[in-house]
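Q: I am new to this structure and would be grateful for a close look at one of its helices. Please set that part within the chain as a whole.

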Amino acid sequence: MDTPTSNKLDIIIPAFRSHSQNFLMVLDGISEEDALKRIEGRTNHIIWMAGNFLDMRYALSYILGLKEEFEFKDFFFQGKALNENFKYPSLQQLKDAFHKISPLVYHKLLQVSDEDLDKAFPMGMNIDFFPETVLNFVGMCIGREDYLCGQIGLMRRILGYEGMKYNFDKDLKY
């Protein structure tokens, strides 16, 4: 495992890498057609969930100082509600964006300093037990990724797919 500059990220680095694996494994085998299905018109579709996962990766890139733009930001920025009138990107387009941004974010996570992680990052939450810092924003993004993979996993089963297989790719280094 790669060692981060900041010991504060000792738990984040393995979580980030496992979320990368989970994201790819939970989407494995899902058809483009099924990725746009909603359940009784009440759920988000997998494309929306995958796009929101990517929005988290791009949010991490931003807070870590990268200047990458998410091509599909207008669909997903800050959990933007699903809009049935949009023509969403394909699952393949989202996977391509994932492979573009993830290694860049991973390398920045390895390089970020304690000083940078401790910087204030106002989120407007105003919760006394939750300091609004870069580190806590990173943790929130990691938590959101976990949540979204779980949602996609549930949709897999509802749509009749097998449960996610844990076939980790040891060559995926982000």
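A: The following account turns to helix α6, after a short view of the whole chain.

The model is a predicted one. Its chain contains six helices and zero strands, so that a reading along the sequence gives the pattern α-α-α-α-α-α. A compact globule of 174 residues would be expected to have a radius of gyration near 16 Å, and the chain agrees with this because its own value is 16 Å. Along the principal axes, the C-alpha atoms occupy a box of roughly 45 × 35 × 30 Å. Of the 174 residues, 45% are buried. Among contacts with a separation of 6 or more, 71% join residues that stand 24 or more positions apart.

Within this setting, helix α6 covers residues 134-158. The helix has 25 residues, and the distance from its first C-alpha to its last is 36 Å, close to the 36 Å expected at 1.5 Å a residue. The buried residues of α6 begin with Val134, Phe137, Val138, Cys141 and Ile142. They continue with Glu145, Leu148, Cys149 and Ile152, and end with Met155 and Arg156. The list thus includes Glu145 and Arg156 alongside residues such as Leu148 and Phe137.

These buried residues pack against four other helices: α1, α2 (46-63), α4 (91-111) and α5 (114-117). One of these partners, α1, spans residues 12-27 and has 16 residues. Helix α1 reaches 22 Å between its end C-alpha atoms, close to the expected 22 Å. Most of α1 is covered, with 13 of its 16 residues buried.

The approach to α6 also deserves attention. Lys119 lies in the loop between α5 and α6. With a relative accessibility of 44%, Lys119 is classed as partly exposed, because that class lies between the limits of 20% and 50%. Leaving aside residues up to four places away in sequence, Lys119 touches Glu132, Thr133 and Val134. The last of these, Val134, is also one of the buried residues of α6. Lys119 and Glu132 are 13 residues apart along the chain, and their C-alpha atoms are separated by 8.6 Å.

At the other end, Gly160 comes just after α6 and takes a positive phi of about 90°. Helix α1 is likewise followed by a glycine, Gly29, with a positive phi near 85°.

Key
Residues numbered from 1 in each chain as written. Predicted model: local features only at pLDDT ≥ 70, side-chain atom pairs only at ≥ 80, totals over all residues. Heavy atoms only, no water. Helix = DSSP H or I, 4+ residues; strand = E, 2+ residues; numbered from the N terminus. Rg over C-alpha atoms; globule rule 2.2 N^0.38 Å. Buried < 20%, exposed > 50% of the residue type's maximum accessible area, 1.4 Å probe, protein only. Contact = heavy atoms within 4.5 Å. Expected span 1.5 Å × (residues − 1).
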